[in-house]
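Dear colleague,

I am passing on the structure we spoke about, and I would be glad if you kept it open while reading the notes below. They go through the parts that I looked at.

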Amino acid sequence: MRHQKSGRKFSRKSGPRHALLSGLVTSLIEHERIKTTDPKAKELRKIAERTISWATSVGNLVGNDKNDAADKARIVHAMRQAQRIVKHKPTLHKLFEDIGPRLVGRPGGFLRIMKLGYRHGDAAPVSIVEFVDRAEPEAEESAAPEGEEKPAKKAKAKAPKAEKQEAAPAKKKAPAKKKAEAEDKPAKKKTTKKDE
């Protein structure tokens, strides 16, 4: 019987499986949004939520110079616990300096899984995993006036077509030159070993 053996194995032994999940958590924290298969996303959420909660537990203490020895010890302990999963130092610092303080008041549920559909190659169900309070970079770009950007894009799109049309007649003229040169030159006689 398989009682109390929760979690997916992903057809891997424990070492490669832990490395896979550790890499997924690290990528998620670094980019704040990743695309992966549904089963991996569901397992990732369990481990990532635990890791992020270590950062939020000391989120109000990080960056504060007036911490006493007990507070510093709490921060070090939390960072070492999270370091079991996030082994990349800059990503670990991002977790504790940026993400942890940002999510301090939230009692859990830091991540969102959105199903995308099926992957083209193997029809695997694919999802996007992202932070719930993630700032959309597209919203910042849309603040710029759109009227100026769109004509520039259209002009760039039309330019390659014009170049192709100009290049096409040039290609047709090239074979005619070769034929004319071939007519001017006398034909070379092929020599074989028998002729020599």
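Is Ala123 buried, exposed or partly exposed? Before I answer, please bear in mind that this is a predicted model. With a relative accessible area of 47%, Ala123 counts as partly exposed, since the class of exposed residues begins over 50%. Ala123 lies in the loop between strand 2 and strand 3, and in this hairpin, which has six residues between the strands, Ala123 takes a positive phi near 60 degrees. Most residues other than glycine have a negative phi, which is the reason I mention this loop at the start.

Glu32 also has a positive phi without being a glycine, with a value near 65 degrees. Glu32 comes directly after helix 1, in the loop that leads from helix 1 to strand 1. At 13% relative accessibility, Glu32 counts as buried, because the cut-off for that class is under 20%.

The sheet

The strands on either side of these loops belong to an open sheet of three strands, with the order 1-3-2 and antiparallel pairing. Strand 1 (33-37) and strand 2 (111-118) stand at the edges, and each has a single partner strand, so one side of each is left without a neighbour in the sheet. On average, and with direction ignored, neighbouring strands of this sheet are turned by 25 degrees against each other.

Strand 3 (residues 125-131) pairs with strand 2 in the antiparallel sense over seven bridges, and with strand 1, again in the antiparallel sense, over five bridges. If you would like to follow the pairing residue by residue, Met114 has Ile128 of strand 3 as its bridge partner, Lys115 stands opposite Ser127 in strand 3, and the bridge partner of Thr37 in strand 3 is Val126. Six of the seven residues of strand 3 are buried, so strand 3 is largely enclosed by the rest of the structure.

The helices against the sheet

Helix 1 lies across strand 1, strand 2 and strand 3, and runs at about 145 degrees to strand 1. Helix 2 (residues 38-57) likewise lies across strand 1, strand 2 and strand 3, and runs at about 170 degrees to strand 2.

For helix 1, I also compared the length with what would be expected: at 1.5 Å a residue, its 18 residues should span 26 Å, and the end C-alpha atoms are 26 Å apart, which agrees. The buried residues of helix 1 include Leu20, Leu21, Leu24, Val25, Leu28 and Ile29, and also Ser22 and Thr26. Among the elements that cover the buried residues of helix 1 are strand 1, helix 2, helix 4 (89-102), strand 2 and strand 3.

A buried arginine

What lies around Arg17, a residue of helix 1 (residues 14-31), and which side chain of opposite charge is nearest to it? Arg17 is buried yet has no salt bridge, and the nearest side chain of opposite charge, that of Glu43, is 7.1 Å away, whereas a salt bridge would need a side-chain nitrogen within 4 Å of a carboxyl oxygen. When its neighbours within four places in sequence are left aside, Arg17 is in contact with Arg8, Lys9, Phe10 and Arg12.

With best wishes

Technical notes. Residues are numbered from 1 along each chain as its sequence is written. This is a predicted model: local features need pLDDT of at least 70, side-chain atom pairs count only at pLDDT 80 or more; totals for chains, interfaces and linings use all residues. Side-chain values use heavy atoms; hydrogens and water are left out. Buried means under 20% relative accessible area, exposed over 50%, partly exposed in between (1.4 Å probe, protein chains only). Lys and Arg count as positive and Asp and Glu as negative; His and the chain ends are not counted. Contact means heavy atoms within 4.5 Å. Two strands pair if DSSP finds at least two bridges between them. Helices (H or I, at least four residues) and strands (E, at least two) are DSSP runs, numbered from the N terminus. Axes are lines fitted to C-alpha atoms, for helices over the stretch in contact, and angles run from 0 to 180 degrees between N-to-C directions. The expected span of a helix is 1.5 Å times one less than its number of residues.
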